[in-house]
Amino acid sequence: MTPSRQLITILIAALLPSRLARHTQPPVPKQDTTTLVNDASPLAPFRHRIFLSAWMTSLVSSFGGLIQSVGAAWLMMALGASADLVALVQASTTLPIMLFSLAAGAIADNFDRRRQVLAAQVFLLTVAVALTLCTYFGLMTPGLLLAFTFLVGCGAAFEGPAWQALVGEMVPRTDLPAAIALNSMGFNLARSVGPAIGGLIVATIGAFAVNALSSVGLIAVLARWRPARPPRVLPPESLGSAMAAGIRYVAMSPKLGVVLLRGAVFGLAAIAVQALMPLVARDLVGGGPFTYGLLFGAFGAGAVGGAFLSTRLRQALSLEVLVRLTFISFAICAAVAGMSSLLPLTTAGMAIGGASWVLALASFNATVQLSSPRWVVGRALALYQMATFGGMAFGSWIWGEAAERYGTGEALLIAAAVLVAGAALGLRFALPEMKPLNLDPLNRWTEPAVAVDIRPRSGPIVITIEYVISEPDVVAFLAVMAERRRIRRRDGARHWTLLRDLENPELWIERYHTPTWLEYVRHNQRMTHADAAVSDRLRALHQGPDWPRVHRMIERQTVVPQVRNMGGNVADAL
């Protein structure tokens, strides 16, 4: 059966009465290649019922959101705003994602992600209703419209990391890249039709009212879904420490840093096409709201095609080659939009841009999710969103200013040149290949019994681990310890050092601190199966008769007690 026929069959099945979201869903199976769906099928995630029902309702929600996006951009022009204010509509939506995503990711990793998405959806529904009322009663101004779009961005910022991390609870890990591509396809399927219809209804029934109604279905599905969750053993981290842990994890993960850099460059340059699309429709092609919607629709139709091709392209090309091609093909889209005055040619360029858009962003997103364990995936996604959407927000302002000063066509040509430079950036900062790492918790470590009465807040805790390493193995030991240091610091250890005994050269001591006993427990429970390979290599190099010896100590300050009687002295007190 072809992918298109599979999709039609699945969509028809989804429309039939079912109990997809009425009962508690079984937990997502563990990573086991004997039971997982074959990743070769781009529609494999649809076999999981909760993903299918959530995808269908999020498609409707995206449809409404895109109609609102068309309405906001065109309304800004109808209010007589300049080119830079029109571009700021896009910037005001993406700026909150850069500002608040990390906090949203920290909340998603420490609390119920489903409830977080529900709260964000209800907030977005409230904003859409208020936006509709202000427009209906003629109260809208350019400043007020930017304020509303900023609030829409706030809702998206708090929903994004939780929603994307929630996908990992709906499908097995091996289906995750296809599920991410399908989510992008759903959004862009709405993009392919929603903006064109939005161009027709901007001045009639109200784009904002349609968006308000479109989110009801997704709210209902998520409200009924009760995913099985393992019991929480440790209390949630405070917001500040959780955000710091997320930054530390990404900073100590070089692969994630490369993804953030390339995502920021792509967002900075590629957003020019969407930010200036209203001006392309009006000034370069000579159309109106329907033309704008048609161009937006072509962009979305190309994105749907890109989503269907994503699985085959990932199998045929390396990740870096695929992303370089998306940079170059999007540069072609920007160049065509900047130079063409023919609607069919511009429409074809938009379709190429849409396919490149979804292939690039889905590749970045999947790499982040597959490179992050569940305890930090929300924060890793949040930092990725901050980088990418921060680039989009800054780029929207940059390209708006460029269009105001040099013209819309010239601004798009400059953006095309930046995209080509972004492709060349891969020569120095190549993206890592998506390897099937097992990032589930190792669960090998158990909290030890101690003789001293300590509490979760007791600390600082000092850990030493003794290794006996023969001289021929020293070089290999130091190489493994370099990776050990990165993992320790990434997972929260502080003041990591490696010591060698001067009297017994075969004795090496690994030493690190944690602020409290609770953080020590949390640090050890963050170890994954992939990290265990380092521990196993260290144990293989250790020459002692037993396992490497671990000492757990608590720091204590020495305080000289004060002498209360006049005739006493320090010596008496001691």
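Which residues touch the most other members of the largest nonpolar core? The legends below refer to a predicted model.

**View 1. The largest nonpolar core and its best-connected members.** This core holds 80 residues, and those that touch the most other members are Phe 266, Val 273, Met 350, Trp 357 and Phe 364. Helix H10, spanning residues 254-275, supplies the largest share of the core, with 11 residues.

**View 2. The surroundings of Phe 266.** With neighbours within four places in sequence set aside, the aromatic contacts of Phe 266 include Phe 327, Phe 330, Trp 357 and Phe 364. Phe 266 is also in contact with Ile 271, Ala 360, Leu 361 and Leu 419. Thr 326 and Ser 356 complete the list of its contacts.

**View 3. A second, separate core.** This core comprises 30 residues, among them Ile 50, Met 56, Ala 179 and Ile 219.

**View 4. The open, four-stranded sheet.** The strands follow the order S2-S3-S1-S4, and their pairing is antiparallel. Strand S2 (494-500) and strand S4 (549-554) form the edges, each pairing on one side only. From one strand to the next, the twist averages 15°.

**View 5. The pairing of strands S1 and S3.** Eight bridges join strand S1 (residues 461-468) to strand S3 (residues 507-514) in the antiparallel sense. Within this pair, Tyr 467 stands opposite Trp 508 of S3.

**View 6. Helix H17 packed on the sheet.** Helix H17, formed by residues 474-490, touches S1, S2 and S3. The direction of helix H17 makes about 165° with that of S2.

Terms used: Residues numbered from 1 in each chain as written. Predicted model: local features only at pLDDT ≥ 70, side-chain atom pairs only at ≥ 80, totals over all residues. Heavy atoms only, no water. Core = buried A, V, L, I, M, F, W, Y, C linked by side-chain atoms within 4.5 Å. Buried < 20%, exposed > 50% of the residue type's maximum accessible area, 1.4 Å probe, protein only. Helix = DSSP H or I, 4+ residues; strand = E, 2+ residues; numbered from the N terminus. Contact = heavy atoms within 4.5 Å. Pairing = 2+ DSSP bridges. Axes fitted to C-alpha atoms, helices over the stretch in contact; angles between N-to-C directions.
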